[in-house]
Amino acid sequence: MKRKATSDVWWKNAVVYCLDVETFLDADGDGCGDLPGLCERVEYLTGLGIGCLWLMPFMPSCQRDDGYDITDFYGVDARLGTHGDLLEVVRAAREGGMRVIADLVVNHTSNQHPWFKDARRGPESPFHDFYVWSDEKPEENPGDVVFPDQERSNWAFDEEAGRWYMHRFYSHQPDLNVANPEVRDEIAQVAGFWLEQGLSGFRVDAVPFLIEPTGIPEGSRQDPHELLRDLRRFIGRRNGEAVLLGEVNLSPEQQREFFGDEDGDELQLIFSFTVNQAMFLALAREDATPLARALEALPPIPEDCQWANFVRNHDELTLDKLSEEERQEVFAAFGPEEELQLYGRGLRRRLPTMLGGDERRIRMVYSLAFSLPGTPVLFYGEEIGMAENLAIEGRYSVRAPMQWSGERQAGFTTAREACRPVVEQGPFGFHEVNVARQRRDAEALLNWMERLIRRRRECPELGWGEWALLDPGDAAIFAQRSDWDGSTVVAVHNLAGRDAGARLELGGDGTLVDLFDEEHHELAEGAVTLELPPHGAHWFRVRRPGQRLPP
């Protein structure tokens, strides 16, 4: 029954692919990516083996925060297409076995949203209590400001209303008052609307800020997590397969609260920020210990819940959960120049440039991330080794247009200029790094990533199994086993630029069958000794006597 049950929780064994429609492919030649362009590339994504497509915001906005400043929760930005175009994307994705989720950004709105524009009239407006207001500016801790280079306070004064309003992000993004039952009803209605358009769930933006905003009168809500429980029940009634993937950048103990009770009645998936940051510290030190400790610090979670693992995402590489000394180690290894750093806590770089283009090391890192217990999440362009474009301001540097070919504007658009500058020069320029070129090279990163994704989907042990760390005897090596339904997968990675040996105690008789190579190793008295080259990576399945393995 175990294997039959897995399809009910499809996201445990899926690979999620995140993209911004605006920077993926331009179909109409106006320089801006669009939904028809994305539809043209759905087969590319299904061919990669992607199981779930995550779309960054595509709703109408003022474009002051790359679409996260929404002016209409029920619309589609006219620059990107129409509702019909979105339905075509969803239909094409479904035909290829891929589900689609989208950002649910309901912590705040744009200050140009009709709700806020009406709310400014004062308490007589039916939308005034949709936001968080104060007659006097409340006291606050400057350290709470999310973007200290842009904002100095979480409160802004509105001249028309004559009151201060709360904004945890930019001042042009007033926070919604989720203590108001009408606001919570609107959030549910927004989610229900997009589920009816064929979406299979949402990546929920800034969840801690959403459910526990400051400035709300004490006693107005008894349990902030009620919002998530209500939302989970609501989407479950509308679509039983729908998933909530949450951005919860907190300590593991605090993250556990967002999964809900012992059965998991809130978020199903949560990004594992502490594991991500520990992985980069481990890479900087060439020592697996920080990563091992981060995994060991994860609390037990409900069976139908999961961690989401990623290498890079659409924001800066945040290192806020590391100590100041640890953060400086990562900066020194991967971005010592000030222009590469952001807010003193992160790096505005993609992985290939952080690793100096060392493809052996790049492959090891993705192999490692995909083998960690949880659901892998891939950011667009990672599959070909795209770099950031530092000519693009701030954290948007990692959101350059997708590099499809060596043609003008990287094949992204036929317009003379793209919405954002493409990477043109150097070893990561689009003439050198693009999909078309790598498609024709059997040894290219793209084709290796396709094999990695296929193998990950063929290894339910990694998504469903019970995992345990192994002691390889060398701190440079990270080794773990995952056991599920009588099957075992062992992943071994050398984080150092030197040869390293590992002795793994696995128990019993059997053979380690390499899932990417012809290499096999017999267990001797339940143990095996492996020699790994610099940045070597292996996935093995354990074949016990008399056991038949998948190909």
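**Exercise 1. Find which residues T353 is in contact with, leaving aside its neighbours within four places in sequence.**

Solution. Start by placing the residue: in this predicted model, T353 belongs to helix 13, which spans residues 351-354. Next, collect its partners beyond four places in sequence, and you get A387, E388 and F428. Finally, look at accessibility: the relative accessible area of T353 is 13%. Buried means under 20%, so T353 is buried.

**Exercise 2. Decide whether G75 is buried or exposed, and list what it touches.**

Solution. Step one is location: G75 sits in the loop that runs between strand 2 (52-55) and helix 4 (83-95). Step two is the surface value: G75 has 5% relative accessibility, so it counts as buried. Step three is the surroundings: not counting residues up to four places away in sequence, G75 touches F58, M59, P60, H83 and W194. As a distance check, pick the C-alpha atoms of G75 and P373; you should find 37 Å between them, for residues 298 apart along the chain.

**Exercise 3. Work out where L495 is found and which residues it touches.**

Solution. First, L495 lies in the loop between strand 17 and strand 18 (500-505). Its relative accessible area is 1%, so L495 is buried. Then gather its contacts, again not counting residues up to four places away in sequence: A282, L283, E286, D287, A288, M364, L368, A476, F478 and H535. For a last check, the C-alpha atoms of L495 and L317 are 19 Å apart in space, while the two residues are 178 apart in sequence.

**Exercise 4. Examine the phi angles of E286 and D485, and say where each residue lies.**

Solution. Begin with the background: most residues other than glycine have a negative phi. Now take E286, one of the residues that L495 touches. Phi of E286 is near 55°, a positive value. E286 is in the loop between helix 10 and helix 11 (289-296), and its relative accessible area of 33% makes it partly exposed. Turn to D485: here too phi is positive, near 55°. D485 lies in the loop joining strand 16 (477-484) and strand 17 (487-494). With 34% relative accessibility, D485 is partly exposed.

**Exercise 5. Identify the largest nonpolar core and the helix that gives the most to it.**

Solution. A general idea helps at the outset: in soluble globular proteins, nonpolar side chains tend to be buried together. Here, the largest nonpolar core has 149 residues, and those with the most contacts inside it are Y17, L19, L38, Y44, L45, F280 and M402. Helix 10 (residues 273-285) gives the most to this core, contributing eight residues. Apart from it there is another core of 16 residues, including A500, L504, F540 and V542.

**Exercise 6. Compare the radius of gyration with the value for a compact globule, then describe the whole protein.**

Solution. For 551 residues, the globule value is near 24 Å; the protein has 24 Å, so the two agree. Along the principal axes, the C-alpha atoms fill a box of roughly 80 × 55 × 50 Å. Inside it are 17 helices and 22 strands. Buried residues make up 62% of the 551. Among contacts with a separation of 6 or more, 68% come from residues 24 or more positions apart. For the surface, expect about 21,600 Å² exposed, with carbon and sulfur atoms supplying 45% of it. Last come the charges: there are 58 positive and 96 negative side chains, and the centres of the two sets are 4 Å apart.

Conventions: Residues numbered from 1 in each chain as written. Predicted model: local features only at pLDDT ≥ 70, side-chain atom pairs only at ≥ 80, totals over all residues. Heavy atoms only, no water. Helix = DSSP H or I, 4+ residues; strand = E, 2+ residues; numbered from the N terminus. Rg over C-alpha atoms; globule rule 2.2 N^0.38 Å. Buried < 20%, exposed > 50% of the residue type's maximum accessible area, 1.4 Å probe, protein only. Contact = heavy atoms within 4.5 Å. Areas by Shrake-Rupley, 256 points an atom, 1.4 Å probe, with all protein chains shown as cover. Lys, Arg positive; Asp, Glu negative; His and termini not counted. Charge placed at Lys NZ, Arg CZ, Asp CG, Glu CD. Core = buried A, V, L, I, M, F, W, Y, C linked by side-chain atoms within 4.5 Å.
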